[in-house]
Amino acid sequence: MSVMVARKKVVRKWEKLPGRNTFCCDGRIMMARQKGIFYLTLFLILGTCALFFAFECRYLAVQLSPAIPVFAAVLFLFAMATLLRTSFSDPGVIPRALPDEAAFIEMEIEATNGTVPQGQRPPPRIKNFQINNQIVKLKYCYTCKIFRPPRASHCSICDNCVERFDHHCPWVGNCVGKRNYRYFYLFILSLSLLTIYIFTFNIVYVALSEISEDWVSEHVEGNSRDISFHGSKGLTSPKLRSLTVLTVLEVLICFFTLWSVVGLTGFHTFLVALNQTTNEDIKGSWTGKNRVQNPYSHGNIVKNCCEVLCGPLPPSVLDRRGILQQEESTAQEGSCPRGPGTQEPPATQGPGQAQEGGMKQQDGSIPPPSAVPAPSVSDSEMPEEKQRTPGELPVPSPDPGRAEH
């Protein structure tokens with residue numbers, strides 16, 4: 001006996017989203033698929049700070065001030081928080097058009113452009129939009145089937161249209177757009193301060209260790225005992241040499257990181273002051289031959305910085321954790337157990353079978369013919385086979401006594 005059971009499988013919207021993104025924690029974390037350089041970023045930051053806190057901070061806290069490791073910890077935590085916020089958030093991905101919406105847009109474009117003769121290139125799909133008395137062109141995205149909003153662009157790596165697209169940063173493993181640009185800027189700013197901080201105090205540590213070694217070599221010549229200096233709590237000269245090697249390694253990492261991170265921070269500070277994106281600066285949207293004025297700039301550095309860094313953050317329009325219900329029908333085979341008082345469901349019966357079924361007793365046995373009352377049939381209710389037409393001979397009824405003779 002087979003039974004059809006309908007089960008509802010809960011599917012989240014992030015499982016069906018197009019594009020080249022990866023999701024974790026049931027859609028709460030959204031990143032690009034290429035995350036190798038992001039892991040390298042984590043390794044460099046965590047490794048450099050771990051060496052600094054494990055070796056130099058202890059010595060500097062005793063020799064100079066206990067506030068040195070505290071301020072370094074604050075910078076480290078702030079940089080890590082802004083990095084994870086940038087990497088794990090939705091940068092402002094615009095949903096693709098549904099099939100009905102895409103068909104409607106195609107009809108509008110055909111009605112506007114008319115019929116294009118065969119062999120001729122169709123006109124570009126562009127809409128003009130006015131912002132602060134400036135004409136801005138809205139371009140059509142053939143992948144997402146939409147007219148992109150102003151300042152939006154399609155990322156070829158994530159395969160999504162991103163609102164106020166700045167660039168795709170492999171170091172954070174995500175696109176940088178309208179919803180995470182402020183966290184990206186705060187990340188590179190705090191990372192620049194942290195790099196300068198560690199680089200400076202590493203040099204101070206090397207200088208202090210050299211002075212201490214010179215002092216030991218001048219005043220304790222020929223003494224083979226391990227001597228601690230300046231209350232450094234057991235740090236001997238061989239230990240200082242090993243720590244100095246690690247410090248030089250940290251200095252080299254910070255030196256090569258300093259130029260790129262600090263330079264990137266300065267470039268984005270310039271863009272924030274002009275209320276401009278990296279994509280617009282590379283394309284020369286507002287500094288080209290036409291010298292078109294930037295319609296998004298307020299003409300004031302403070303107002304531009306407040307809008308970019310302190311303005312309201314729009315919510316995500318993807319609804320990644322929304323529910324899509326899909327029904328699945330499965331067949332289960334097996335016999336259904338019946339209790340002592342459970343009866344089988346009656347099958348479809350005819351008129352004669354219904355009378356036979358009604359003659360059954362409750363225990364399932366058929367009563368004897370004498371116990372069954374004979375129904376009274378009137379002449380008008382006589383069956384057709386028992387009514388004789390004129391001239392028809394009667395059919396003799398079978399008699400058991402005559403059959404024996």
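Modeller: pLDDT is the predictor's confidence in each residue, on a scale from 0 to 100. The model discussed here is predicted.

Biologist: Which elements of the chain have the lowest and the highest mean pLDDT?

Modeller: The chain as a whole averages a pLDDT of 75, and 66% of its residues score at least 70. Among its elements, the lowest mean, 43, belongs to residues 400-404 and the highest, 95, to residues 67-87. In that order, the elements are helix α9 and helix α2.

Biologist: How many contacts beyond four places in sequence does the model have for residues 344-393?

Modeller: Two stretches can be set side by side here. Over residues 219-236 pLDDT stays under 50, and the model has 21 contacts beyond four places in sequence for them. Over residues 344-393 pLDDT also stays under 50. For this second stretch the number of such contacts is 17.

Biologist: What share of the chain's contacts with a separation of 6 or more comes from residues 24 or more positions apart?

Modeller: The chain has nine helices and 12 strands, and 32% of its 405 residues count as buried. Among contacts with a separation of 6 or more, the share from residues 24 or more positions apart is 66%.

Biologist: Which element supplies the largest share of the largest nonpolar core?

Modeller: This core has 37 residues, of which Ile45, Leu83 and Phe187 touch the most other members. At least two residues come from each of β3 (29-32), α1 (36-63), α2, α4 (181-219) and α5 (237-274). The largest share is 12 residues, and the element supplying them is α4.

Biologist: Which residues is Ile45 in contact with, leaving aside its neighbours within four places in sequence?

Modeller: Ile45 is among the three residues that touch the most other members of the largest core, and Leu83 and Phe187 are the others. Both of these are also in contact with Ile45 itself. With the neighbours within four places left aside, the full list is Phe76, Met80, Leu83, Phe187 and Leu191.

Biologist: Why does the ring pair of Phe199 and Phe255 count as tilted?

Modeller: The ring centres lie 6.5 Å apart. A pair is stacked with planes under 30 degrees apart and edge-to-face over 60, and the rest are tilted. The pair is therefore tilted, as its planes stand at 35 degrees.

Biologist: How many residues apart in sequence are the parts that this pair, Phe199 and Phe255, ties together?

Modeller: Phe199 is buried at a relative accessible area of 18%, whereas Phe255 is partly exposed at 35%. Ring pairs link both of them with Phe256 and Trp259 into a cluster. Because Phe199 lies in helix α4 and Phe255 in helix α5, the pair ties together parts whose separation in sequence is 56 residues.

Biologist: Which are the edge strands of the open sheet of three strands?

Modeller: The order of the sheet is β4-β9-β8, with antiparallel pairing. β4 and β9 (residues 160-162) pair over two bridges, and in β9 the bridge partner of Val93 is Val162. An edge strand pairs on one side only, and here this applies to β4 (93-94) and β8.

Biologist: Is Ser153 buried or exposed?

Modeller: Ser153 is found in strand β8 (residues 153-155). Beyond four places in sequence, its contacts include Asn160, Cys161 and Val162, while Arg148, Phe165, Asn279 and Lys283 are also touched. The cut-off for a buried residue is under 20% relative accessible area. Ser153 has 9%, so it counts as buried.

Definitions and conventions:
Residues numbered from 1 in each chain as written. Predicted model: local features only at pLDDT ≥ 70, side-chain atom pairs only at ≥ 80, totals over all residues. Heavy atoms only, no water. Helix = DSSP H or I, 4+ residues; strand = E, 2+ residues; numbered from the N terminus. Buried < 20%, exposed > 50% of the residue type's maximum accessible area, 1.4 Å probe, protein only. Contact = heavy atoms within 4.5 Å. Pairing = 2+ DSSP bridges. Core = buried A, V, L, I, M, F, W, Y, C linked by side-chain atoms within 4.5 Å. Phe/Tyr/Trp six-rings, centres within 6.5 Å; stacked < 30°, edge-to-face > 60°.
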